[in-house]
Amino acid sequence: SDLFAPSSSASKRRSRGPVMAAKKAAEGAKQEDGKYKHTVDLPKTSFGLRANSVMREPELQKLWEENQVLKRVSERNTGATFTLHDGPPYANGDLHMGHALNKVLKDIINRYKLLQNHKVSFIPGWDCHGLPIELKVLKSMDKATLNALTPIRLRQKAAKFAKVTVNAQMNSFKRIGIWADWDSPYLTLSPEYEAAQLEVFGQMVMRGYIYRGRKPVHWSPSSRTALAEAELEYSENHVSKSIYAAFKITSPSSSGLLDEFLPNVCLAIWTTTPWTIPANAAVAVNPELSYAVVELQSVLESESTSGGKQQKLGSILSSGIEKPFIIVASDLVSVLESKWGVKLVIRKSFPGSVLEHCRYLHPVNGNECSVVIGGDYITTESGTGLVHTAPGHGQEDYLTGLKYGLPIVSPVDDEGNFTAEAGQFSGLSVLGAGNAAVVKYLDEHVSLILEEPYKHKYPYDWRSKEPTIFRATEQWFASVDGFRDAALDAIKRVTWVPSQGENRIVNMISGRSDWCISRQRTWGVPIPVFYHVDTQEPLITEETIEHIKAIVSEKGSDAWWYMKTEELLPDKYRDKASEYRKGTDTMDVWFDSGSSWAAVSAKRDGLNFPADVYLEGSDQHRGWFQSSLLTSIATTGKAPYSSVITHGFVLDKDGLKMSKSVGNVVDPEKVILGGKDSKVCSYRNLCYFLVLRSEISLNLVQKEPPYGADVLRLWVSSVDYTGDVLIGSEILRQMSDMYRKLRGTMRFLLANLHDWNPENSVPYSDLPKIDQYALFQLENVVASMKDSYDNYQFYKIYQTLQRFAIVGLSNFYFDVAKDRLYVGGRVSYTRKSCQTVLAAHLLYLVRAIAPIMPHLAEDIWQNLPFEHTLEDGSVAKFAFDLKWPDKNEEWCSVQKDDVDFLSVILELRSEVNKILENARTGKLIGASLDAKVYLHAENPDTVSKLKELASATNDADALHRLFITSQVEILPSLSEETTSGVSYAGKFSDPRTGEIWIGVTRADGMKCERCWVYTKDVGSFGDHPTLCSRCHGVIDLQPQASPAAAAVA
């Protein structure tokens, strides 16, 4: 069979005759059996069907690198600069499939922009500071080394680790085929980057956006540092020890509303953090809600429906204890009745506002505290409608505390243990023994109503995977309120892909609190502040920041740790150096990466600021997209990007998160290079022969075969990345199959252009209709792919390639072209017209696939059998020397009637093929060339058009060539006389043509030895009695070819 085109089994049966005859002859058959084999133009190319990607892709990458193709093409392009600013991956560990998805998407865009004549400079970046690297370094040390560790030594080791990781990740990205300025990446640990970051910080300080304050922040006891929102991940399965507790009222409000219930009336609160009770400063109510004093009557016999045996009744509900009156939200009475298992009788109702300024006894320290008015965060969805308020342990509590001047108490240390300020709980872990001790204390002092486990969403440290707490500490903050409105306004002017990304970041910016930018760690950029040794007042001025920035620019941020205070202070303060000490906090790593626009886009030559595109995972709405936006708005007043594209997460084939413990991780390196079990089976040679014959898959030979980078990249193009995407062994096998078929399509084009000279191109106006139609289809397909590239919808390009380049071309145009190409005569008009069309397809498709599969495109180009000259007269030596084709108006000029009728002919052809297959099954014919097709239509216009094609002077447009049969006859009528010899028949119907009757018989005449077409003129030529007139006319024009050249497997 013809190995040069992916085609269906039916098309193989139809068209293999002349090719197989010539191949057999070339392989040593007797001369009389292959008498005309040297006159058959077999396809020839050195471009293999097998990619051999493990070897070939690195060769092509070396070719690009040695010839500086990216740099040369970008500099030569005359269009506008395009900047896709790289979000820095963390320099910690090997690449995973999420990295691959991200970088390939960026590379597809950059390569397409190069084809669009843009100047493209892609600067890859890495995030190099922060806790994960610091922890890895610390874990690698023995106890003696840890004891002798100094901050500067830790930083040196962390920097070394980061740089080694960057180098490893860089090599992995290169192997995927990512084009970038690898010689000049940006690292957040480089002195010039750190200096640019300090410049952003300094500008925010000067604008009044940076302040130091004591307020509650997310704190990680396991990492012993404050965390930003973007450093949290939320567990849906966290179980807290929740309690309902009662705080005894000592003096009611002046209204006298509660006098009748004194002295035994309590406020009921609910909390999932009992450990915060020692820090209680108030109880908050909602003034709009209705509250009730309820009497606790008999304990209900039936067990609570809400908690079952996991509930533990508190001492207040124990028998023998006088029951106090309890104040709760009126709407929650029935719920609490069920929850607590007691009968609650309402004695009085009133609005929450009347409870303000009531005083109650602190359940632990005995101090008197007040009831205050809270915000709309107090609801009746859960709890009691009254909120235990600890300003040192919650954002809403803190804001309420500011309103009332409440003390900010936070008796918890860096490791999450109670301090001496917590009295008898000192030293206990707030998330462990301390929590239980507080509950026990409340129960013993008749303040506990109920204890039960509560499963809910809870913030965890994304690095240590341990729960966090809210804890008030002295930290540095960026006041988002100062530029929130400007940020929200800028968001509207950014293009978000997908569009719902805009709502997501708007909600996050609208609802976020001030940004805690300080961290209590060593490995990071220092917050450039000095503290007075006596008053602890911070010294941070324009002069101090500028001076430190200059030092860091030259020496790096290590200077903060090894230089003395007097050296770090500018001249103005140097004589007072003894009065100050250096701060020890470092900046949040999101401030590091969030300053990349300033260090890269706004600083380096050849880049745009704002950048044209940011592209990262959807989690970056709360991470890099947001931190970049905030720093840029605060200092420049504009967003750092014009467009933001987000992609989802990579999941396994079943839609589950990848996990090493589950064993469902797909490693990009293994996808490209193969896994440990990629050894070929013992029948190696036979297996690979069958792979070449397309009779078995390579994946049956190897369990984890090396697919190469382009198959991985093809997978990226195949998925709708705006949501989560799936990958697994079966999906990769499908991608490999698609790649192989596409390679086969391109191989067919190359092989049939082996003798092509562009000077022989046939003018468009002289092309047969079928060739004009093929170019019309090509133009429309490429225009569609351009639209998909422009809109970043790469999965549509994948679908188009699958539909057009693999199925459409192979099943029709390539199928009918083989006759012209192989036996039509090397210098014949119809062969040249076909090659004109094939060359156009090759030149268009190689550009269309180049952004997605650059190695395949370059491999094709390096096997190009002719030179392609560019507009400037130079020869295109590499695929990316090409430009995306301009719209060809001439190719679009095919008349609509012709387009419609030819599309009908294609559908009619499918129906004809079904009847031919029936005739073959019935042994009437072997190949389709053994057949004659009869057609009859009632519609006069259809009859006229069919007759025109049936008798076309242009051989390529003749119906029998399109059907790959020997003859087609249009019957004027259906009668006994005209259909008596027809054994196989069927019908085709279309609104545009009406009904068309189809019949099939054996072909008339004799079979031509060379082309296998049956004609009545075979035997008419004395010198070549076995040839038809067409073959007789071309054989003497064919140059002699050696058997080796004539047959290529």
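Start with the whole protein chain on screen and think about its contacts: of those between residues at least 6 apart in sequence, 78% join residues at least 24 apart. Keep in mind that this is a predicted model.

**The whole chain**

Stay zoomed out and turn on the cartoon. The protein chain has 36 helices and 36 strands. Line the view up with the principal axes, and the C-alpha atoms fill a box of roughly 130 × 75 × 55 Å. The radius of gyration is 39 Å, whereas a compact globule of 1049 residues would come in near 31 Å.

Now switch on the surface. About 43,300 Å² is exposed, with carbon and sulfur atoms supplying 49% of it. Colour by burial instead, and 57% of the 1049 residues turn out to be buried. Colour by charge, and you have 116 positive and 127 negative side chains to look at. The centres of those two sets lie 5 Å apart.

**Cysteines**

Next, select the cysteines. How many disulfides are there? The count comes to zero. Pick Cys-358 to see one case: the nearest cysteine sulfur belongs to Cys-266 and is 12 Å away. Is Cys-358 buried or exposed? Cys-358 is buried, because its relative accessibility is 1%, and the cut-off for buried is under 20%.

Then jump towards the far end of the numbering and pick Cys-1031. Why is there no bond from Cys-1031 to Cys-1028? The closest cysteine sulfur to that of Cys-1031 is in Cys-1028, but it sits 3.7 Å away, which is too far for a bond; the pair would have to be within 2.5 Å to count as a disulfide. Cys-1031 is buried too, at a relative accessible area of 0%.

**Around His-357**

Go back to Cys-358 and step one residue down to His-357. You'll find His-357 in the loop that runs between strand E14 (342-351) and strand E15 (359-361). Check its backbone: phi is positive, about 75°, although His-357 is not a glycine. That's worth a click, because most residues other than glycine have a negative phi.

**Trp-1012**

For another case of positive phi, select Trp-1012, where the value is about 70° and the residue is again not a glycine. Here the loop is the one between strand E35 (1006-1007) and strand E36 (1014-1015). Show the surface once more: Trp-1012 counts as partly exposed, at 27% relative accessibility.

**Two cis peptide bonds**

Stay with the backbone, but look at omega now. Most peptide bonds are trans. Select Leu-262 and Pro-263, and you get a cis peptide bond with omega about 0°. Pro-263 is in the loop between strand E8 (232-251) and strand E9 (265-271).

Then move on to Phe-609 and Pro-610, which are also joined by a cis peptide bond, with omega about 0°. This time the loop has a helix on one side: Pro-610 lies between helix H20 (596-601) and strand E27 (611-617).

**Last stop: Glu-444**

Finish at helix H12 (residues 433-444), and select Glu-444 in it. Is Glu-444 buried or exposed? Its relative accessibility is 52%, so Glu-444 counts as exposed. Add Ile-316 to the selection and draw a distance between the two C-alpha atoms: Glu-444 and Ile-316 are 9.8 Å apart in space, with their positions 128 residues apart in sequence.

Definitions and conventions:
Residues numbered from 1 in each chain as written. Predicted model: local features only at pLDDT ≥ 70, side-chain atom pairs only at ≥ 80, totals over all residues. Heavy atoms only, no water. Helix = DSSP H or I, 4+ residues; strand = E, 2+ residues; numbered from the N terminus. Rg over C-alpha atoms; globule rule 2.2 N^0.38 Å. Buried < 20%, exposed > 50% of the residue type's maximum accessible area, 1.4 Å probe, protein only. Contact = heavy atoms within 4.5 Å. Areas by Shrake-Rupley, 256 points an atom, 1.4 Å probe, with all protein chains shown as cover. Lys, Arg positive; Asp, Glu negative; His and termini not counted. Charge placed at Lys NZ, Arg CZ, Asp CG, Glu CD.
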